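Let's walk through this one together, starting with how far to trust it and then moving from the sheet to a turn and the helices. Have the structure open as you read.

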Amino acid sequence: MLQLKEIKCGKKGCSKCPHGFYVYAYWRQNNKIRSKYLGKVGDPETQRKVDELAKDHPRVTAEYETMYLESTPGVKEKILKGINTPLSECQEDNIKESVSNANAAAK
Ligand SMILES: [Zn+2]
């Protein structure tokens, strides 16, 4: 599993504390909890490490995506708004297009 952490730098008068979000991966290996620091959310380098980790732990990709969305201001609100908007408010053409897109993606 992945976990988000906020980091306190400890500098006096730092107005940006806590800093973050930083991604840590935790997994169980030989009955021990292992952990690995992956980097800051949204960094290309972090994404690379997540991809690397996903070879052995496929779930981390989805966990990281959720994390990334939750750490990006406004994105979560947009998604929630989308969920709360009924399809009846949708334009006919848009529905057709999204259905054909979904079909294309399923192939
Ligand atoms: Zn700080």
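A quick word on confidence first: pLDDT is the predictor's own confidence in each residue, on a scale from 0 to 100. You'll want that here, since what you're looking at is a predicted model. The protein averages a pLDDT of 80, with 83% of its residues at 70 or more. Which elements mark the two ends of that range? Helix H1, residues 44-54, has the highest mean pLDDT of the elements at 91, while helix H4, residues 92-106, has the lowest at 63.

Now for the sheet. It's an open one with three strands in the order E1-E2-E3, and the pairing is antiparallel. Strand E1 (2-7) and strand E3 sit at the edges with a single partner strand each, so one side of each has no neighbour in the sheet. From one strand to the next, the twist averages 35°. As a reminder, strands in a sheet pair through backbone hydrogen bonds, and they can do so in parallel or antiparallel fashion.

Let's take the two pairings in turn. E1 and E2 run antiparallel over five bridges, and if you'd like a spot to find on screen, look for Gln3, whose bridge partner in E2 is Tyr24. E2 and E3 are antiparallel too, over eight bridges. Here, Gln29 stands opposite Lys32 in E3.

Follow the chain past Gln29 and you come to the turn. E2 and E3 make a hairpin with two residues between them. Asn30 lies in this loop, between strand E2 (19-29) and strand E3 (32-40), and Asn31 is in the loop between E2 and E3 as well. What's worth a look in the backbone here? Asn30 has a phi near 50°, a positive value in a residue other than glycine. Asn31 has a positive phi too, about 65°, and isn't a glycine either.

Are these two asparagines buried or exposed? A residue counts as exposed if 12 or fewer other C-beta atoms lie within 10 Å of its own. Asn30 has 5 other C-beta atoms within 10 Å, so it is exposed. Asn31 is exposed because it also has 5 other C-beta atoms within that 10 Å.

Finally, see how two helices lie against the sheet. H1 lies across E2 and E3, running at about 150° to E3. Helix H2, residues 60-71, lies across E1 and E2 and runs at about 35° to E1.

Key: Residues are numbered from 1 along each chain as its sequence is written. This is a predicted model: local features need pLDDT of at least 70, side-chain atom pairs count only at pLDDT 80 or more; totals for chains, interfaces and linings use all residues. Helices (H or I, at least four residues) and strands (E, at least two) are DSSP runs, numbered from the N terminus. A residue is buried if 20 or more other C-beta atoms lie within 10 Å of its own, exposed if 12 or fewer, and partly exposed in between; C-beta atoms are placed from the backbone. Two strands pair if DSSP finds at least two bridges between them. Axes are lines fitted to C-alpha atoms, for helices over the stretch in contact, and angles run from 0 to 180 degrees between N-to-C directions. Two residues are in contact if their C-beta atoms, placed from the backbone, lie within 7 Å.
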